[in-house]
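The following report describes selected local features of one model, beginning with the surroundings of a helix and ending with the shell around a ligand.

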Amino acid sequence: MYPIIRNRRLRSNEAIRSLVRETIVSPDDFLVPLFVVEGKAIKEEIPSMPNYFRYSLDLLENEVKELWKMGLKSVLLFAKVPDNLKDNKGTEAVNPDGLMQRAVKTVKNACPDMLVMTDVALDPYSSYGHDGIIENGLVLNDESVEVLTEMSVSHAEAGADFVAPSDMMDGRILSIREALEDDGFYNTGIMSYSAKYASAFYGPFRDALDSAPVDEKDIPKDKKTYQMDYANRFEAIRETEMDIDEGADIVMVKPGLCYLDIVREIKNEVDVPVAVYQVSGEYAMVKAAAEKGWLNHDAVVMEQLTAIKRAGANIIASYFAKDAIRILG
Ligand code: PBG
């Protein structure tokens, strides 16, 4: 007795495999994170993120032009703020002439059609490395939301197409949406980091921005009172649905690979686009293993990106975007 149905027929050569392939990663899928610093002619490699760089604004210009030529049409900006500009309230975050605000203008000048999203959270601006304001050892919610809201409007004024609140304070999406409406920014979108977990995979990113929580008395050592417990699933759905009700145009799950069950579940549950952030630690792991010759870099990159898309991602924020373009040929 031999099987009549043979699944291997559909796998017998690349032509048939490509004909029946369900998930194709394309340049259109990517949102490219970019780190900017003050200064001139700076392109410095981030030690824990091999081949990933911080750019001063003059070199950012070339970088976004190159991305555009490669078919990468959306960027997500992060600013590395000098220590002397950091304080508890993130005052520098709302400076109309701050690094982030100038970075938005730089990208728009260099490449007017490039979609620009900005990270909204206080950690790069906070002297304590937290996403909100600290008082008596606690991260304040509503006071932080006020600053995050002002910060969002300031990014919109600079020309950001989308603001991307990554802070996980309660109620910030509604507050930001209302402020944007009040100021006439009807077309400025919100991509909410809605299911953002308290993850150890953010380590290299905190190196990149020098934004890790400080080790001081009365300062929380981690972000577990605002970012989600990675043991939880229903909470991710609740957070995401709330953000949509408050006005999020795009929702996000973060990190990527360890959370693809959450991605699928949210994709099945909601009808707005779902973004996934393949974070810095995920990038660093692949680079490190590949450097040692323990993994085939390009094969693993495409397998991970395809898995993220297969799980339901409409948008992939990834440090591998340029690698993927090269690999796709
Ligand atoms: C800031 C922010 C973080 C990341 C994106 N926005 C770090 C954090 O929450 O500590 C992580 C991205 C990455 O690891 O690649 N709120």
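## Packing, backbone and ligand shell

The buried residues of α8 are covered by elements that include β9 (189-196), α7 (234-246), β10, β11 (274-278) and α10 (297-311), where contact requires C-beta atoms, placed from the backbone, to lie within 7 Å. The buried residues in question are Ile262, Val263, Glu265 and Ile266; a residue is buried if 20 or more other C-beta atoms lie within 10 Å of its own, exposed if 12 or fewer, and partly exposed in between. Helices (H or I, at least four residues) and strands (E, at least two) are DSSP runs, numbered from the N terminus. An α-helix has 3.6 residues a turn, so residues three or four places apart point the same way.

This is a predicted model, in which local features need pLDDT of at least 70 and side-chain atom pairs count only at pLDDT 80 or more, while totals for chains, interfaces and linings use all residues. Residues are numbered from 1 along each chain as its sequence is written.

A second helix contact involves α3 (residues 99-110) and α4 (residues 142-158), whose axes, as lines fitted to C-alpha atoms over the stretch in contact, come within 8 Å and cross at roughly 30°. That angle makes α3 roughly parallel to α4, a term for angles under 35 degrees. On the α3 side Met100, Gln101, Val104 and Lys105 meet Ser154, His155 and Ala158 of α4, and these contact residues divide into three nonpolar, three polar and one charged. Ala, Val, Leu, Ile, Met, Phe, Trp, Tyr, Cys and Pro count as nonpolar, Asp, Glu, Lys and Arg as charged, and the others, Gly among them, as polar.

Most residues other than glycine have a negative phi, and most peptide bonds are trans. Two residues that are not glycine nevertheless have a positive phi, as tabulated here.

| Residue | Phi | C-beta neighbours within 10 Å |
|---|---|---|
| Alanine 41 | about 55° | 8 |
| Asparagine 51 | about 65° | 11 |

Alanine 41 is in the loop between β1 (30-37) and β2 (43-46), whereas asparagine 51 is placed in strand β3 (residues 49-56). Alanine 41 counts as exposed, and asparagine 51 is exposed too. The peptide bond from lysine 254 to proline 255 is cis, with omega near -5°, and proline 255 is found in the loop between β10 (250-254) and α8 (260-269).

The residues around the ligand, with a C-beta atom, placed from the backbone, within 6 Å of it, include Asp119, Asp123, Asp131, Arg206 and Lys223. By class, this shell has four nonpolar, two polar and six charged residues.

Conventions
Axes are lines fitted to C-alpha atoms, for helices over the stretch in contact, and angles run from 0 to 180 degrees between N-to-C directions. Angles under 35 degrees count as roughly parallel, over 145 as roughly antiparallel, 65 to 115 as roughly perpendicular and the rest as oblique. Two residues are in contact if their C-beta atoms, placed from the backbone, lie within 7 Å.
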